[in-house]
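Let's take a walk through a protein together, one stop at a time. Have the sequence and the 3D view ready, and follow along as the residues are named.

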Amino acid sequence: MIEDPLITALAGLTGLALGLFFFAGLRWTLRRAAAARRPVPLLLGSFAVRVGIVVLGLALVGQDRWDRYVAALLGFLVARIVAVHVWRPERDEAQAGGEDAA
């Protein structure tokens, strides 16, 4: 049973913040890796840092309470949806609508 809805909501917001951090870091890393001479250390290092921070954040937020873990994970998933929607590659209008350009 959820004992304190405010704490659970804050756990969800924390999960959202962790997700935005994770996906913004991923976006930053991919942009830098495209121009890097040695992209593999950059990709692996960034992944390790992002995952470490997210796992630590989820562990601190959850505090062995299933409802907080669920709320934080749902917030993380919402952040993924937002990141995909906001940062998707731009398409030109002819491809977007399937209309002919004439």
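**A guided walk**

W87 is partly exposed, with a relative accessible area of 32%. Here buried means under 20% relative accessible area, exposed means over 50%, and partly exposed lies in between (1.4 Å probe, protein chains only). You will find W87 in the loop between helix 3 and helix 4, which spans residues 93-97. Helices (H or I, at least four residues) and strands (E, at least two) are DSSP runs, numbered from the N terminus.

Before going on, a word about what you are looking at. This is a predicted model, in which local features need pLDDT of at least 70 and side-chain atom pairs count only at pLDDT 80 or more, while totals for chains, interfaces and linings use all residues. Residues are numbered from 1 along each chain as its sequence is written, and side-chain values use heavy atoms, with hydrogens and water left out.

Now step back to see the whole protein. Its secondary structure comes to 4 helices and 0 strands, so that, by the DSSP runs that define these elements, the order from the N terminus on reads α-α-α-α. Of the 102 residues in the protein, 25% are buried. The protein exposes about 7600 Å², and carbon and sulfur atoms supply 67% of that area. Accessible areas come from the Shrake-Rupley method with a 1.4 Å probe, and for residues only the protein chains shown count as cover.

How do distant parts of the chain meet? Contact means heavy atoms within 4.5 Å. Among the contacts in the protein with a separation of 6 or more, 69% are between residues 24 or more positions apart.

Return to W87, and you will see that it belongs to a group. Together with L20, V78, V82 and V86, W87 makes a nonpolar surface patch of about 390 Å². Helix 3 (residues 66-86) gives the largest share of this patch, 3 residues. Patches are made of residues with over 30% relative accessible area and no salt bridge; like charges are joined within 9 Å, and nonpolar side chains (Val, Leu, Ile, Met, Phe, Trp, Tyr) within 5 Å.

Helix 3 also holds A83, which is buried, with a relative accessible area of 7%. Which residues does A83 touch, leaving aside its neighbours within four places in sequence? They are F23 and R88. A83 and F23 are 60 residues apart in sequence, and their C-alpha atoms are 6.6 Å apart in space.

Next, look at how helix 3 sits against helix 2. Two packed helices are described by the angle between their axes and the distance between the axes. The axes of helix 2 (residues 39-62) and helix 3 come within 8 Å and cross at roughly 140 degrees. Axes are lines fitted to C-alpha atoms, for helices over the stretch in contact, and angles run from 0 to 180 degrees between N-to-C directions. On the helix 2 side, V54, L58, A59, V61 and G62 meet R68, Y69, A72, L73 and F76 of helix 3.

The loop between helix 2 and helix 3 has its own points of interest. Q63 is found there, and so is D64. Phi of Q63 is near 45 degrees, a positive value in a residue other than glycine, and phi of D64 is near 60 degrees, again positive in a residue other than glycine. Q63 is exposed, at 52% relative accessible area, and D64 counts as exposed at 72%.

A little further along the chain, the side chains of D67 and R65 meet in a salt bridge (3.5 Å, N to O). A salt bridge is a side-chain nitrogen of Lys or Arg within 4 Å of a carboxyl oxygen of Asp or Glu, and the structure holds 1 of them. Are its partners buried or exposed? D67 is buried, at 4% relative accessible area, whereas R65 is partly exposed, at 23%.

Our last stop is helix 1 (residues 5-35), home of W28 and T29. W28 is partly exposed, with a relative accessible area of 44%, while T29 is buried at 1%. Not counting residues up to four places away in sequence, T29 touches L42, L43, S46 and R50. The C-alpha atoms of W28 and S46, 18 residues apart along the chain, are separated by 9.4 Å.
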